[in-house]
4 protein chains.
Amino acid sequence: MTPNQSSDRPLGVAAIGYAFMGKAHSNAWRNVASFFDVPAIEQKVLVGRDADQVADAAARYGWAESATDWRGVLERADIDIVDICAPGWLHAEIAIAALAAGKHVLVEKPLANTMAESDAMVTAAQEARTRGVQSMVGFNYRRVPALALARELIAEGKIGTVRQVRASYLQDWLADDQSPMTWRLRQETAGSGALGDIASHAIDQIQHLLQDTVTDVTGTLHTFIPSRPGPHGTEQVTVDDAAWATLTLAGGAIASVEVSRVALGRKNSLQLEIFGSTGSLAFDLENINELRFFDGTSPIRQQGFSRILVTEPEHPYLEAWWPQGHVIGWEHTFTHQIRDFLTAISTGSAPSPSFEEGLQVQRVLNAIQESAAAKNTLVHVPTT
Amino acid sequence: MTPNQSSDRPLGVAAIGYAFMGKAHSNAWRNVASFFDVPAIEQKVLVGRDADQVADAAARYGWAESATDWRGVLERADIDIVDICAPGWLHAEIAIAALAAGKHVLVEKPLANTMAESDAMVTAAQEARTRGVQSMVGFNYRRVPALALARELIAEGKIGTVRQVRASYLQDWLADDQSPMTWRLRQETAGSGALGDIASHAIDQIQHLLQDTVTDVTGTLHTFIPSRPGPHGTEQVTVDDAAWATLTLAGGAIASVEVSRVALGRKNSLQLEIFGSTGSLAFDLENINELRFFDGTSPIRQQGFSRILVTEPEHPYLEAWWPQGHVIGWEHTFTHQIRDFLTAISTGSAPSPSFEEGLQVQRVLNAIQESAAAKNTLVHVPTT
Amino acid sequence: MTPNQSSDRPLGVAAIGYAFMGKAHSNAWRNVASFFDVPAIEQKVLVGRDADQVADAAARYGWAESATDWRGVLERADIDIVDICAPGWLHAEIAIAALAAGKHVLVEKPLANTMAESDAMVTAAQEARTRGVQSMVGFNYRRVPALALARELIAEGKIGTVRQVRASYLQDWLADDQSPMTWRLRQETAGSGALGDIASHAIDQIQHLLQDTVTDVTGTLHTFIPSRPGPHGTEQVTVDDAAWATLTLAGGAIASVEVSRVALGRKNSLQLEIFGSTGSLAFDLENINELRFFDGTSPIRQQGFSRILVTEPEHPYLEAWWPQGHVIGWEHTFTHQIRDFLTAISTGSAPSPSFEEGLQVQRVLNAIQESAAAKNTLVHVPTT
Amino acid sequence: MTPNQSSDRPLGVAAIGYAFMGKAHSNAWRNVASFFDVPAIEQKVLVGRDADQVADAAARYGWAESATDWRGVLERADIDIVDICAPGWLHAEIAIAALAAGKHVLVEKPLANTMAESDAMVTAAQEARTRGVQSMVGFNYRRVPALALARELIAEGKIGTVRQVRASYLQDWLADDQSPMTWRLRQETAGSGALGDIASHAIDQIQHLLQDTVTDVTGTLHTFIPSRPGPHGTEQVTVDDAAWATLTLAGGAIASVEVSRVALGRKNSLQLEIFGSTGSLAFDLENINELRFFDGTSPIRQQGFSRILVTEPEHPYLEAWWPQGHVIGWEHTFTHQIRDFLTAISTGSAPSPSFEEGLQVQRVLNAIQESAAAKNTLVHVPTT
């Protein structure tokens, strides 16, 4: 099916999932039009498995109604967009069906739990694109203004040729070894641990900021806390809680990646340092409104990392918000994501990151797992 | 009139003003119920002078309708709350009329431009309170989680007896001497400059954090850029663009205040440092999610200012938002303000900061102006 | 007497005082020639009241001998330089005698405890200068490389016209109210408290960095802990432990000063923020190797305070030390001071800060005390 | 030969090398007794190849005389200690001869350029130790007070079981690709590049702080700038300018190491982050006086990385220096090193780091090189 583009009515949106990500996406749908000039939308329906809970969430988060059967929702003619916030193992099935039904699809990262699912999703997205049906994967940190600014500065040559990149994503919500077992710590449900959950963000950023592609990896995975209390006794943790990788990019840069869920004291610290031939950049998600920029071309006496408070109207996305110095938060990245998604739909262009870009990240993650399983030996990332 | 408390219908809200503050308050009204358990509300009507513009703003910010006559709105039975975001010279007239009409009133800070207006507003608020009609002044920074946490820690005795406080609020939006003349730079429209606009925040915080009252002040006002380009040539700036004061509090603490609109490089930097007998606290609004705490009772080898990332569920307001480490922004303070305002209304208690508290801040500001006009001589702050 | 300039022998140095400042000055004398090209010197004699202790100190700190009678030392023909590290009440007597004896004099700050003494010292220094006998007062923080760099940048116009300056010097060594009584807390021995001890540094920096002069002041003094345990019971503290002032400079800038010995958590934090029309600077002595510079003329997207690590050969004094990034400490400021003092002597030029500059600081301090005693009323700083 | 321990005369010291390290060591010898209670020493002789230059340096740095023949110096009965600051390829020959001659030996890191040389030095040191002749390798950063404090806190269990360590040492002095070729960039003279020069520091710290041993490594080496201008045209750079490794420690911790000489904007940034089960620590050499400590056992509301300003008398080495808040610099680490070396000699105990410890670091570096040459495959670090 093709999207109903001739209609003048607002775009109807359905979201699937009402937990953490559903709440964050709902917030973006509810607010995007208050700040950005986007095509009119209507929050039609929120979908979840528990009828009562999803009804409550729908009322709370601004949805007109709720539903428990996502297949039924896909059949509705008044739904133009499907936003998939369900767990990773459901991504492929829902996304492929939604695209087939002519719905534009936004799917949370990571694209899917397996390479096979990811491949199938890309095939579906490519076919749908020929019908004008758009798709996007939700690497929301691309829409952090400071990181969008970083990308602009790199693209403008402000740091010269990028040589060395340091990326880390450190959290500590699993530092307590008495924190209980969950589905996120089992390989069969979660796919992987810190690797898929947060290294995926780091790797997407590296490729996005440099506009480059990882070609080779060496990687290590480790589970510092191998068992945890479950409802019926101690259970084995079967995913990593920390990961390390060294990545080679096609353009010659080398990037290190380190992620952890047991880095006590780091709460949500995605850090990026990018060292170029004439300048450098540094970022920490815990200070989301700041970008550090070292301009190696300024007079030596004055050189230093400058703390850019990324809240000026000249900065990406900021003109829509508040006066300079009035900082924004984490949730705003989702609002920016919806804005860019809607803008792409309205102009008929393919939004980015595409499913293909999501697949490329999955390939890098997969190669890291292969390397880790083979004594860290260098593994080439396949391009198809 | 008394509020229509027996009704089961949602509380009807009218907001007056759709510029910067109107946008920020609207955002809070639109989102508060998505995150907090508050009485149901409806964004009924947005009021402004320009019919077309206010209609656009109403549509954009989530209001059901718009209007240009605030007096007419006060007569509507379906309006329970009036949120006054109009300029300061209109506060008194609207607030007094709204309270008389039995509407709960939230008014932006500062309470009013003159002491006479402020006094009248307090009288009206006190009378209205006897009818169960509530009122509040919008010192939103009381609802910064890090500052709310600071107040808790002080109240719990974590820093002992407060001795010395350093408060500053530094901005730079007027640093360029070619920035044009506006109504904000004329005394007759703005009342004062940096003093009323931003020192008011600093002074409210000092009194709020310490739960204490300023009794004596010495102050200095200065206009670094005394004239600016206007549409018909150079005009005189008749308000301060920087101010300094030293405040004595009833409990014995001494606080310094320095504010500026020409502090180049500081964008929206409300800084507070509170030094007590056994601990200290420090805060900067540009890092709104952080509080620094020095615990003088810990072992000397380990002492140091700790950077508390105020994003834990245990921190004020945070449980409603996102997981730890997922930071919030400036606008969230208004959402918290609405939440507390609605909670007070629903429980029939008087919200804080009350008009009396707003008046007390005005008295301090007034005393600073008196001192500045009298060669900085110490001026006592009247209590009535 | 005139200095023995025809001699080829090394300059003979005597230092008076072997406590904290004597130790710091000795370190500088012992090391200056290892890093800088200066006239040859010999650490001849260290003078103190306790024969045994000063002998020990002399041996430890590199002095050839020790003595207890400073008058006798002034008579020695092999002494060319007298470095006065004795307490403030002895400065005038020793300095005037040393200058009369034809010795170049370096005296620790503050110049003296009283205005009369300061005046007499200036008179003596002016007369001695006609004989080629040099004198200098030890505001060592002028020789912090980061602050010397700040002065250069200001002089080069890098921040335009200076408008607003914020200076503070916060310590906490008296925060504990059980810390015992000492001579530093009695007016008759110490002259003043935090004002003379640390506000003097702040005021000297303001005038030095801006190359400007304070003309008017308003000030406040306070003693948070008015009594302390002494050997024979509780004693009254008769000096301030915190002080506040607002200063007007001849060129139109306004500076605030706040100093404290009870600012718990701040150990030795001399902070300076200088806001100009096109740029700003910020410094904290606790990060002695860093200067923050905001360049308001760079593209808005890239603006921010840059952290200059002041360790490049292009930075003041640094070429003599270590490779870039190898930081120096607090004591190095004294080595730089000796270097500049010796260089001035060898070139026959008057070193800076001169006694006149020291006197000017005393006048500002005195005016602050007058203002504080007169309900903070504005006080003009006399020029003679 | 055995050391001449019965003598009452001061220990005679000879230093070999007068460049960067010779200057730093000389400074320490010249000053150690002014601050610490150590056995009396005399700076007897400075040795170098160029007679004029070494004579100048000796005069400047406080040595009684200079010499060009280190073998002759070893024969002198008045020399008790030999401090080897010569380049790495000379370490083994001089150290072994000095130990044979009964001289206590301090040798700069890295221990030697080759494993064979390192092994021979250890054999010599072990034999000499039986004669009471001591030896030490100069990993001076063990004597950074903040890092010494970190080690104490770890040993006391303040952070629980260490899990994850992040170490990096980033410099930028080779970031400019027009910076000329030097002996440091040729494998035959330098042994390796960033790996041996700065990764050695990082690896020593990891093992020292954790009191643990690296057992397995995976590593990557890279030369971002493969050729540089030489006096006769472009030359090949044959050492790495950046290196990455992941290390497994016997106790179960995993450490990442990343070092670079092209990390533009990082001047001398040795960073360490140590994440334990109940606390964490962080350090950056560019802020040498600071240690960050996260205490996971304090109440959650108050948790955060505290910035400990390591300048209290209670902190390692600090009591000898200045009052709290008066910061020290990079060079002080060498003074501390000499103090500990002398203390060990005077008590007849073996100083640390021993040559054995230096050898262990070499083994880890060697294993990283092996891994890098074998597609990053995991390499076991031999224990003998």
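In the predicted model, helix α6 of chain D meets helix α8 of chain D through Leu147(D), Ala150(D), Arg151(D) and Ile154(D) on the α6(D) side and through Gln205(D), His208(D), Leu209(D) and Leu210(D) on the α8(D) side. By class, the residues of this contact are five nonpolar, two polar and one charged. Two packed helices are described by the angle between their axes and the distance between the axes. Here, α6(D) spans residues 145–155 and α8(D) spans residues 194–210; their axes come within 8 Å and cross at roughly 40°. The loop between α8 and β8 of chain D contains Gln211(D). The phi angle of Gln211(D) is positive, about 50°, although the residue is not a glycine. Gln211(D) has 12 other C-beta atoms within 10 Å and is therefore exposed, the limit for this class being 12 or fewer.

Chain D also contains an open sheet of six strands, in the order β3-β2-β1-β4-β5-β6, with parallel pairing. The strands at the edges are β3 (65–67) and β6 (135–138) of chain D, each of which pairs on one side only. From one strand to the next, the twist averages 20°. Helix α4 of chain D, residues 91–100, packs on this sheet and touches β1 (11–16), β4 (81–84), β5 and β6 of chain D. The direction of α4(D) makes about 170° with that of β5(D). Strand β5(D), residues 104–108, runs parallel to β6(D), and four bridges join the two. Within this pairing, Val107(D) has Val137(D) in β6(D) as its bridge partner. In a regular strand the side chains alternate between the two faces of the sheet.

A different kind of pairing is found in chain B, where strand β9 (residues 227–230) and strand β10 (residues 233–236) are antiparallel and share four bridges. Ser227(B) stands opposite Gln236(B) in β10(B). The connection from β9(B) to β10(B) is a hairpin of two residues.

Strand pairing also occurs between chains. Strand β16 of chain A and strand β16 of chain C, each covering residues 305–309, pair in the antiparallel sense over three bridges. In this pair, Phe305(A) is placed opposite Arg307(C) in β16(C). The contact between chain A and chain C takes 15 residues from each of these chains. Five residues on the chain A side come from β16(A), which is the largest share of that side. The chain A side is made up of six nonpolar, five polar and four charged residues.

Chain A is also in contact with chain D, with 31 residues of chain D and 31 residues of chain A taking part. On the chain D side, the elements that give two or more residues are β7 (162–170), β8 (214–222), β11 (242–249), β12 (254–260), β13 (269–276) and β14 (279–284) of chain D. Of these, β12(D) gives the largest share, four residues. The chain D side that touches chain A has 11 nonpolar, 15 polar and five charged residues.

In chain C, helix α1 covers residues 20–35 and has 16 residues. The distance from its first C-alpha to its last is 23 Å, close to the 22 Å expected at 1.5 Å a residue. At Trp29(C), α1(C) bends by about 30°. Because 14 of the 16 residues of α1(C) are buried, this helix is largely enclosed by the rest of the structure.

Some backbone features lie in loops. In chain B, the peptide bond between Lys109(B) and Pro110(B) is cis, with omega about -10°. Pro110(B) belongs to the loop between β5 (104–108) and α5 (115–130) of chain B. In chain D, a cis peptide bond runs from Ser352(D) to Pro353(D), with omega near 5°. The loop that holds Pro353(D) lies between α9 (332–347) and α10 (355–373) of chain D. Tyr317(B) has a phi near 75°, a positive value in a residue other than glycine. This residue is found in the loop between β16 (305–309) and α9 (332–347) of chain B. Tyr317(B) counts as buried because 21 C-beta neighbours lie inside 10 Å, where 20 or more are required.

Definitions and conventions
Residues are numbered from 1 along each chain as its sequence is written. Chains are lettered from A and ligands numbered from 1 in the order in which they are written. This is a predicted model: local features need pLDDT of at least 70, side-chain atom pairs count only at pLDDT 80 or more; totals for chains, interfaces and linings use all residues. Two residues are in contact if their C-beta atoms, placed from the backbone, lie within 7 Å. Ala, Val, Leu, Ile, Met, Phe, Trp, Tyr, Cys and Pro count as nonpolar, Asp, Glu, Lys and Arg as charged, and the others, Gly among them, as polar. The expected span of a helix is 1.5 Å times one less than its number of residues. The bend at a residue is the angle between axes fitted to the seven residues ending there and the seven starting there. Two strands pair if DSSP finds at least two bridges between them. Axes are lines fitted to C-alpha atoms, for helices over the stretch in contact, and angles run from 0 to 180 degrees between N-to-C directions.
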